[in-house]
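Please take the model below as the starting point for a guided reading, and keep the sequence at hand while following the paragraphs.

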Amino acid sequence: AAAIETIGVAIGSHNRDGGHPDYREIIVMQLELLRSRGELEKARADAGFKPLHRIATSFCWHSNYGFQADIVKPECYVDLAELFLAWGFDEINYRDTLDYPQTDHSPLTAAVARGHHPGIATYVRWLVARGADLREAETGELNPRSVARERGLHEIAQILDDARTGE
């Protein structure tokens, strides 16, 4: 449990408290620790530990936490997501019923909900390219295209429209 908590903190901290490479190294060390203890499969099955969803909800703004932090490059979020995929955390279409039981957010809907962040479009593109469910049949905040349009997120709406039409 401590390794999973450390990974969760590193995901949230990589964008505000230090360099991305340092936090990536911490994450890899903890994944290796889980593997050495034979706990990697348990971590993959843990409904409370879904790193691709956590990445989507961890985009940070300059003014968060009462100080001026550099916003990590969006490619760093994608790098962490690719790292987790390589380690078998393939929950692209996970539906969060633990933290958001009333909304059932997926990594894509969680990312679109943070759509005003200056780098979120990169993560949205990555999720869509990896087969994220566009959730077109959903309504309200579960339909990423509707949310993007309602919030005036033109770039994200275009990404989702292009994915829908196969462009």
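The paragraphs that follow go from the overall fold to the core, then to the aromatic residues, and finally to two polar side chains.

This is a predicted model, in which local features need pLDDT of at least 70 and side-chain atom pairs count only at pLDDT 80 or more, whereas totals for chains, interfaces and linings use all residues. Residues are numbered from 1 along each chain as its sequence is written, and side-chain values use heavy atoms, with hydrogens and water left out.

The protein chain has nine helices and zero strands, where helices (H or I, at least four residues) and strands (E, at least two) are DSSP runs numbered from the N terminus. Buried residues, meaning those under 20% relative accessible area (exposed is over 50%, partly exposed in between, with a 1.4 Å probe and protein chains only), make up 47% of the 167 residues in the protein chain. Its accessible surface, computed by the Shrake-Rupley method with a 1.4 Å probe, comes to about 8,300 Å², of which 48% belongs to carbon and sulfur atoms. Taking contact to mean heavy atoms within 4.5 Å, one finds that among contacts between residues at least 6 apart in sequence, 73% join residues at least 24 apart.

In soluble globular proteins, nonpolar side chains tend to be buried together. Here the largest nonpolar core, that is, a set of buried Ala, Val, Leu, Ile, Met, Phe, Trp, Tyr and Cys residues joined through side-chain atoms within 4.5 Å, has 46 residues, and those with the most contacts inside it are I55, F84, Y123 and V124. Helix α7 (residues 120-129) gives the most to this core, with seven residues. Leaving aside neighbours within four places in sequence, I55 is in contact with I11, Y77, L80, A81, F84 and Y123.

A search of the whole structure finds three aromatic pairs, a pair being rings of Phe, Tyr and Trp (its six-membered ring) with centres within 6.5 Å, where planes under 30 degrees apart count as stacked, over 60 as edge-to-face and the rest as tilted. One of them joins F49 and F89 edge-to-face, at 5.5 Å centre to centre and 90° between the planes. Because F49 lies in the loop between α3 (40-45) and α4 and F89 in the loop between α5 and α6 (107-113), this pair ties together parts that are 40 residues apart in sequence. F89 is buried, with a relative accessible area of 2%. The rings of F84 and F89 have their centres 5.9 Å apart and their planes at 90°, so this pair is edge-to-face. F49, F84 and F89 form one aromatic cluster, in which F49 counts as buried at 5% relative accessibility and F84 counts as buried at 0%. R44 lies over the face of F89, at 6.0 Å from the ring centre; for such a placement, NZ of Lys or CZ of Arg must be within 6 Å of the ring centre and within 35 degrees of the ring normal.

Two further residues make polar contacts (a pair of N or O atoms within 3.5 Å; within protein, one must be able to donate a hydrogen and the other to accept it, and residues adjacent in sequence count only if both atoms are side-chain atoms). Y94, in the loop between α5 and α6, counts as buried at 15% relative accessibility, and its side chain reaches the backbone oxygen of A47 at 3.1 Å. S58, in the loop between α4 (51-56) and α5 (74-86), is buried, with a relative accessible area of 9%, and the side chain of S58 reaches the backbone oxygen of R54 at 2.6 Å.
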